[in-house]
Every structure is written in C-alpha cells, then in structure tokens.
Amino acid sequence: MANKIRYVPLYLWLMFTIVLFGFAILASFSTTRGIFTNELFESGLHVSNYLVLFKDMNMGRYFLNSVIYTVSACVGVLVVAAPAAYILGRVRFRGRRLVETMFLSALSIPALLITIPLFTMFVQLKLTGSLLTLVLIYICTNVPFSVFLLSGFFSSIPKELEESAAIDGCGPVKSFVKVMLPVAQPGLITVSIFNFIAIWNDYIFALIFANNPKTHTLALALQSIVQGFTNSGNYAGIFAASMVVFVPTFVLYIFISGKIVSGITVGAVKG
Amino acid sequence: MRITRSTIALFLLPAVVLYLCIFLYPTVRALLMSFFEIPNIASRMSDWSFIGFDNYWQLLHNSYFIDSAWNVFKIWLIGGIIVMVFAFLFAAILSSGVKGKSFWRSLVYLPNTVTPVVLSVVWLHYIFNSSYGFLTTVFRFLGLDGLADLQWTSDDHLFMSMLIAYCFGSIGYFMLLLNAGMERIPHDFYEAALLEGAGPLTKFFRITLPLLQDVFRMTLVLWTITAINFFVWSATFGQESPETMTPGYYMYIKVFGAKSSVYQESAFNVGAGATVGVIITVSILVISAIINFLFRRQERLEY
C-alpha cells in the first residue's frame, strides 16, 4: 500500500505536465474561437497559426538569431574556459586558491548588479546593436560556472595520460589539444548543454543588450508577439508562438536529459 | 610533465582577464554608482554628481520600492516553503527505489528547462484562464463554483497565481540537489536501521534529515539567491504590474524606463538603479550568512 502511494505524486505531476503542454500544442493548431468554445478541432487543423508567425512575424529570423547566439557563445565559452579549467584542475601553482575563489565568487554576483556598468561599458566601446553584443555577453557571463564545472572533470583524468604524451614529445599546448580535450569530451558536452539551455532561455541579458529589433532573441520576440496577440485576442497565435520556442528545447531535452541530471549532481556534490 | 609559469599564464589569462572586466570591475563600479545621481546610462563619470547616501535614503522612503521588497520577501518565504516541501517530497520518493527513476527525475526537472516566457504563457492563458482554463474546468467539474469563478489573474490574485506558476518551474532544480544529497548517504545506515526495526518514516527523520543538513543548507542559500534576484516573471507573467513588482525589475525600470504608465513618473536615475542592485546583493549575502550560521555544526559528520 505505502509502496503504491509513492507513485501518486509522480503520476499527478506527469498528468499535469501532459495536460499543460499538451493543451498548448493542440491549441496552437486550433482557432481562438475553437479554444473558447472548447471544441479545438471543430474546424479542422490550422497550420496557418505557424505560417503567420514565420511569414509576418519574422519568427524565422529570431529563431536563426537564437541559434547563432547559442552556438557561437557555447563554443566561445569552451575556448576561454577549458584551458583555465585544465590548469586549475591539474596543476599546483602559487595563487591557485586565489584564482579558484575568484571564479567561485563570480557565481554569487547577481547578474542584475553588473548589467548597468556592463551596458555603459558596451555603449562606450560602441559594441551595442549587433549580434556580437549578446554573443560576447553570453560568453563572459557563462565562463566562471563553466571553469568551475570543467576543472572537476579535468582533475579526474589520470596523470599517466599527460606523461605518455610528454614522452612522445608533445609540448603542453599540443598535449592539451591532442590528448586532454578529447578525453575531457563528456565534460565539455555536459557544460555546453547547461550553457545551451541557459543562453537559449535567457531573458534578462537579451532584454537589456539586444536593443536593436534585428538582434532580438526568440524569447524576446515571443514576449512582444504574445503581448501583441493578447491585445488583438489571437489566442491560437499565442500558443503557436510559444510552441516554436518550447518544442526545440523539449526535443533536445528528451535526448540529453540524463546528462543534465548527472551534470547538476556533479556540481551539487562539489559545491 | 613540467608546465612552465608562462604556460600557466597563457592558459589562465583569457578567463582571468574576462573575470576582471565582466565581474570585478562592474561590481566595483556599480557600488560607486550607487552614491551618485546619474541622468543617463551612457553618462560619463564627469556628469555624475555625488549625493552620498541619498539614493539609499530615497529608496527606503519610496513606496514602490518598499512594496517590491515586500513582494520579494513573500516570494522568498512562501515560495521557499512550497518549493522545499515539493522538492523534498519528490527527492525522497525518487531515492526510495521507485521504478523508472531517471524518467521521473527528468520529468520533474523538465519545467526548469523551459523559458519563463513560455511557462508564463501556458499558465496565464491556459491554467488560469477564466473561461476555458484548466482550473475553472476542473473546479466546475467538481461542483466547486466558488473556486471555479475565481479570477486568477485579477489584481487581487495575480501575485499568488504567479507564485504558484513560478514554483512549478523551480521545484525540479532543488529536487535534483536534494536527491543527489540523499543518494550519497551510504546504504549500510538504512540496512542497520532496518535490522533495528525502524520504519520508513523513522529512517527519513532519523537518518536522511540529519545527514542532509549540509546539502539542505546549500539548497537554502541557492534558493535565497534565486528568489531575491526574481526578475523575469515580473515582466512575462506580471507584465510590469505593481502586484508582481520586485526590486530586480524595479531596478530595470529605474535604469531603462518603463512601458506601463504606473512607474513612469519615478523613472530614470541610473544611480538609484545601481543602489537597488547593491541592496539586492547585500541582502543575499546577509541572508546567506544567517542561514549558514543557523545550520552551523560543531562536529562535522563524515560519511
């Protein structure tokens, strides 16, 4: 009896999740009239909700923007964070604690506090208004966490690997690129998944730094489309727009959820 | 292999420089800005005028700010209780040997991977909708007309509704942290307890909870950081309404301006915005220190 009761909250959560997102998906193929009369498909399936978004609302462009931001920032973070994490995770040197504490302290600085001076800095350096702005912001803000997580991965790689690389005549840079990076690949992937989700779903930095409509992210565009459609009462359109943002991350999540869960566990145990 | 100091420097330099430019310098500068009146975000330092603690004094006498701080306190306390209760419940269930554990764990975590913009839409326009919405339909079906007629998104209930939706999207992360902590407790403890005839509840309260103290402390600190930085939902769910205003979003309005008319008269003092940021940071540090103090331990339990 007590054994079965354990499953009740889980199944309730499952049902609620299915109802929540299931309704949104169904409603996105319906009409506003259908939604309000509780007869979603009385007039058949409506793909037009989606066509409008991509044709008139430029959703394709914002989708592309978000892909550009997310992919280039994820790569950029690795380029900056991996070498630093490698040193912190494997090499003993004077000042190591200081550098480590530094990156850890960045994790507790609220993003809100630094946005104002950062924005001023970007304005003065004339770095605003282009796609590059947000790419830089996303790289910078995700480096400390990535260094923190990756150094754990690097420190768990056996020492013999580098030694044999050194015997084969590899210098430190070459052995890092040719030996360490491939071995640390699972770690690099885990970190990138985290960064991907954080950047794809980001709202704060996009709101502040993407002040040119051409550089808007998908989440930002969704918010203004939703506001517009709410005013004009296009409820089917609201659901369709949300699903354009939701479905890609959901599909990705189905494939990688195991990695996310174990990655957070690693971070939690270390922290 | 010998790694020379220049190699160390070469590998560390990009990340360290980035940290100094993006975290250290802006933090110091924000602290400095909080003592100045600054007309515009692009103003040069020569245009700032020093006003000492005026920004702080004015904020503490500004009803918009006080209301927003009160909101964030309610989010921290009420939301914290809801999130922790559910996170504990699910973490305990998942570590009790249910079938399909990794599926359930991913499912509970799923809402955390969805952007708040989408979560706000589905909650606002489906769950809380007063004509075809989920809650109305369910309560109507159960014959609870009083609850079915509740206007979840009216001014009176907007804050509560937002808090419920927000908690739904936050439980998974804290569940994972607590679950990871529970699974690190060695099985021998439970086996020994079983031999002594302890039931599941006794095991939970006598073994799991005490050994989880460190993880729970960390979880509370992380919740404090998340709750006090509350920002996005004020925009996406609350649409800038005063009912859902938090200091974080108030800071944004102070610096970048408001869309809705309510806040326009008090907008634009970049210095005051920085002050809000400093207050947020200090509150996080103080509350975290209090939590760490309350959960301090004379002897560390090693296991």
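How many residues apart do Glu100(A) and Arg96(A) lie in helix H6 of chain A? The first view below takes that up, and bear in mind throughout that this is a predicted model.

**View 1. A salt bridge between Glu100(A) and Arg96(A).** These two residues sit four apart, about one turn of the helix, and both belong to H6 of chain A, which covers residues 96–107. Their side chains pair up with an N to O distance of 3.5 Å. In general, side chains of opposite charge can pair when their charged atoms come close. Over all chains, the structure holds five salt bridges.

**View 2. The contact between chain B and chain A.** Each side puts residues into this one: 86 from chain B and 86 from chain A. Together the two chains bury about 8,100 Å², and 81% of that area is on carbon and sulfur atoms. As for salt bridges, the count across the interface of chain B and chain A is zero.

**View 3. The second largest pocket, with residues from chain A and chain B in its lining.** This pocket holds about 950 Å³ of space. Its lining runs to 24 residues, and the ones nearest the centre are Arg6(A), Ala92(B), Ser96(B), Pro200(B) and Phe204(B). By type, the lining splits into 15 nonpolar, five polar and four charged residues.

**View 4. The helices around the second largest pocket.** From chain A, helix H1 (2–5) supplies at least two lining residues. On the chain B side, H3, H8 (158–183), H9 (187–195) and H10 (200–211) each do so too. H10(B) gives the largest share of the lining, six residues.

**View 5. Chain A, helix after helix.** Chain A has 14 helices and zero strands. Its C-alpha trace spans about 75 × 65 × 35 Å along the principal axes.

**View 6. Confidence along chain A.** The mean pLDDT here is 86, with 95% of the residues at 70 or more. Among the elements of chain A, helix H2 (residues 7–28) comes out highest at a mean of 94, while H1(A) is lowest at 77. H1(A) is also one of the helices in the pocket lining of View 4.

**View 7. Confidence along chain B.** Chain B averages a pLDDT of 87, and 93% of its residues score at least 70. Confidence is highest in helix H3 (residues 63–94), with a mean of 95, and lowest in helix H7 (residues 145–148), with a mean of 79. As a rule, where pLDDT is low, the predicted coordinates should not be read in detail.

Conventions
Residues are numbered from 1 along each chain as its sequence is written. Chains are lettered from A and ligands numbered from 1 in the order in which they are written. This is a predicted model: local features need pLDDT of at least 70, side-chain atom pairs count only at pLDDT 80 or more; totals for chains, interfaces and linings use all residues. Side-chain values use heavy atoms; hydrogens and water are left out. pLDDT is the predictor's confidence in each residue, from 0 to 100. On a 1 Å grid over the protein atoms alone, a cavity is a set of points where a 1.4 Å probe fits but cannot get out, and a pocket is an open set with protein on both sides within 12 Å along at least five of seven lines; lining residues have an atom within 4 Å of a point. Grid points are joined across faces, edges and corners, and a volume is the space filled by probe spheres set on the points. Ala, Val, Leu, Ile, Met, Phe, Trp, Tyr, Cys and Pro count as nonpolar, Asp, Glu, Lys and Arg as charged, and the others, Gly among them, as polar. Contact means heavy atoms within 4.5 Å. Buried area is the accessible area (1.4 Å probe) that two parts lose on being put together, summed over both. A salt bridge is a side-chain nitrogen of Lys or Arg within 4 Å of a carboxyl oxygen of Asp or Glu.
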